[in-house]
Amino acid sequence: MAPQRKPSSVSQRIASSPFYFALYVILVLLGNVGNTTVIGVVGESLLRETGVVRSSDVILVNMAFSNLMVSLVRNTVVMVSDLGVEIFLSRDMCHLMMGIWVWLRSANVWSTFFLSAFHFQTLRRVAPPVISLHGPRGPPRSLILGFGLIWSLNLIYAIPAFIFSKNGDENSTETLMLVSSTTRPLMGCIWDFPSAYSGLAFATSSMVIHESIPICLMNITNLGSLLTLYAHGHTRNAANKSQDAPVVTRIPAERRAAKVILALNILFISSWGTNVISVNYFNYNRGSSTEFLLIIARFANMSFIALSPIVLAVGHRRLRAFIKSILSHLYPFG
């Protein structure tokens, strides 16, 4: 493959710029604290409620959990490395960490799509689901199956990362970058594919499976949700006079949920798309703008994880109540 400028200079530039580094730390902390708050508040309400388990809240907890894992295992480690703490792992540990990075990042993408798909499927129901108060508690089996498929299939996809990686040293440079795993050598771990062509084949499949397909599906399900809400709105007067009234009374709440999910998808697509363009520019072009685009990729890689809890707090009643409670304690006379 063609020679490239050392990606480590990207870290040096971020670490040497107070603005870049402060912004980077803020995004990492927002991701850690925000997603922990979502898991704690929404998860606590799921455990406390008896009888009905809200599937949407279970999906939110799963998405926040995947966000938090990526933020802790990847973004926080990058931040510590930028502080000047040099850690070099053994070959076996690099196999493990590269596999975990690919697995978590890939599962994170599909967990985000799962929220949009669930809301679209909920809106297409003719009537609210029938829930037995005396039945077993817990999320529906279909939801558990969906989570199982997301985490297990992405683990299978990550198998090459457990194999085709190795440990380097402080002079190592990355010859291939994947959006789903790395935009720089971290802890000395780099890709080690048998050939440049096999590496690019894996990167291309990653671009299709974990970038293009989820973004297209998110757009389709989101557009479907908006069209469904539009159709329900036009039939509200007629439905209020019929037995379908319970469905129509849920339309305002569903419309708010659709706006929140749409905002999440726009945030995801913009951050993910910026990352995709930057990283694939490195893989296939490597012109004079490589270093700048890798800095953009670094921040875009974290923006969704950092900002999605804020979007959720705007649209989720319990999260809003929790934040208002915190603010009232911090500013009692506000």
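A search of the whole structure, which is a predicted model, finds 1 disulfide. The bond joins Cys94 to Cys189, with the two sulfur atoms 2.1 Å apart. Its partners come from distant parts of the chain: Cys94 sits in helix H4 and Cys189 in strand E2 (residues 189-191), with their positions 95 residues apart. The torsion about the S-S bond of Cys94 and Cys189 is about -80°, so this disulfide is left-handed. Both ends are hidden from the surface. Cys94 has a relative accessible area of 0% and is therefore buried, and Cys189, at 1%, counts as buried as well. Cys216 offers a contrast, since its relative accessibility of 45% makes this residue partly exposed.

The wider frame in which this bond sits can be described next. The chain has 12 helices and 2 strands. Read from the N terminus, the order of elements is α-α-α-α-α-α-β-β-α-α-α-α-α-α. The chain comprises 334 residues, 47% of which count as buried. Among contacts with a separation of 6 or more, 84% are made by residues 24 or more positions apart.

Two of the helices, H3 and H4, can be followed in some detail. Helix H3 covers residues 55-82; its 28 residues, at 1.5 Å each, should span 40 Å, and the 39 Å between its end C-alpha atoms agrees with that expectation. The helix is nevertheless not straight throughout, as H3 bends by about 35° at Ser71. Much of H3 is covered, with 21 of its 28 residues buried. After the helix comes Gly84, a residue whose phi is positive, near 105°.

Asn75 gives a closer view of the surroundings of H3. This residue is placed in helix H3, and its relative accessible area of 5% is under the 20% limit, so Asn75 is buried. Leaving aside neighbours within four places in sequence, Asn75 is in contact with Tyr24, Val28, Val70, Met302 and Ile305.

Helix H4 can be treated in the same way. With 33 residues at 1.5 Å apiece, H4 should span 48 Å, and its end C-alpha atoms lie 49 Å apart, in agreement. H4 is also mostly covered, 25 of its 33 residues being buried.

Attention now turns to the packing of nonpolar side chains. In soluble globular proteins, nonpolar side chains tend to be buried together. The largest nonpolar core here holds 39 residues, and the members that touch the most others are Ile59, Met63, Leu115, Leu264, Phe268, Leu312 and Leu319. Two or more residues are contributed to this core by each of helix H2 (18-48), H3, helix H4 (91-123), helix H5 (141-157), helix H7 (196-234), helix H10 (251-284) and helix H11 (290-315). H4 provides the largest share, 9 residues. Leu115 shows how such a member is surrounded: not counting residues up to four places away in sequence, Leu115 touches Ile59, Leu60, Met63, Ile261 and Leu264. There is also a second, separate core of 24 residues, which includes Met97, Trp101, Cys189 and Ile295. Cys189 thus appears in this second core as well as in the disulfide with Cys94.

Charged side chains complete the picture. The count of salt bridges comes to 2. One of them pairs Glu44 with Arg48, at an N to O distance of 3.5 Å. These two residues are 4 positions apart in helix H2, which means that about one helical turn separates them. Their accessibility falls into two classes: Glu44, at 39%, counts as partly exposed, whereas Arg48 has a relative accessible area of 55% and is exposed.

The other salt bridge is formed by Arg91 and Asp192, whose closest N and O atoms are 3.7 Å apart. Arg91 lies in helix H4 and Asp192 in the loop between E2 and H7, so this pair ties together parts that are 101 residues apart in sequence. Arg91 is partly exposed at 39% relative accessibility, and Asp192 is likewise partly exposed, with a value of 27%. Helix H4 and strand E2 are also the elements that hold the two cysteines of the disulfide. The covalent link between Cys94 and Cys189 is thus buried at Cys94 and at Cys189, while the ionic pair has partly exposed partners in Arg91 and Asp192.

Conventions:
Residues are numbered from 1 along each chain as its sequence is written. This is a predicted model: local features need pLDDT of at least 70, side-chain atom pairs count only at pLDDT 80 or more; totals for chains, interfaces and linings use all residues. Side-chain values use heavy atoms; hydrogens and water are left out. The expected span of a helix is 1.5 Å times one less than its number of residues. The bend at a residue is the angle between axes fitted to the seven residues ending there and the seven starting there. Buried means under 20% relative accessible area, exposed over 50%, partly exposed in between (1.4 Å probe, protein chains only). A nonpolar core is a set of buried Ala, Val, Leu, Ile, Met, Phe, Trp, Tyr and Cys residues joined through side-chain atoms within 4.5 Å. Contact means heavy atoms within 4.5 Å. A disulfide is a pair of cysteine sulfur atoms within 2.5 Å. A salt bridge is a side-chain nitrogen of Lys or Arg within 4 Å of a carboxyl oxygen of Asp or Glu.
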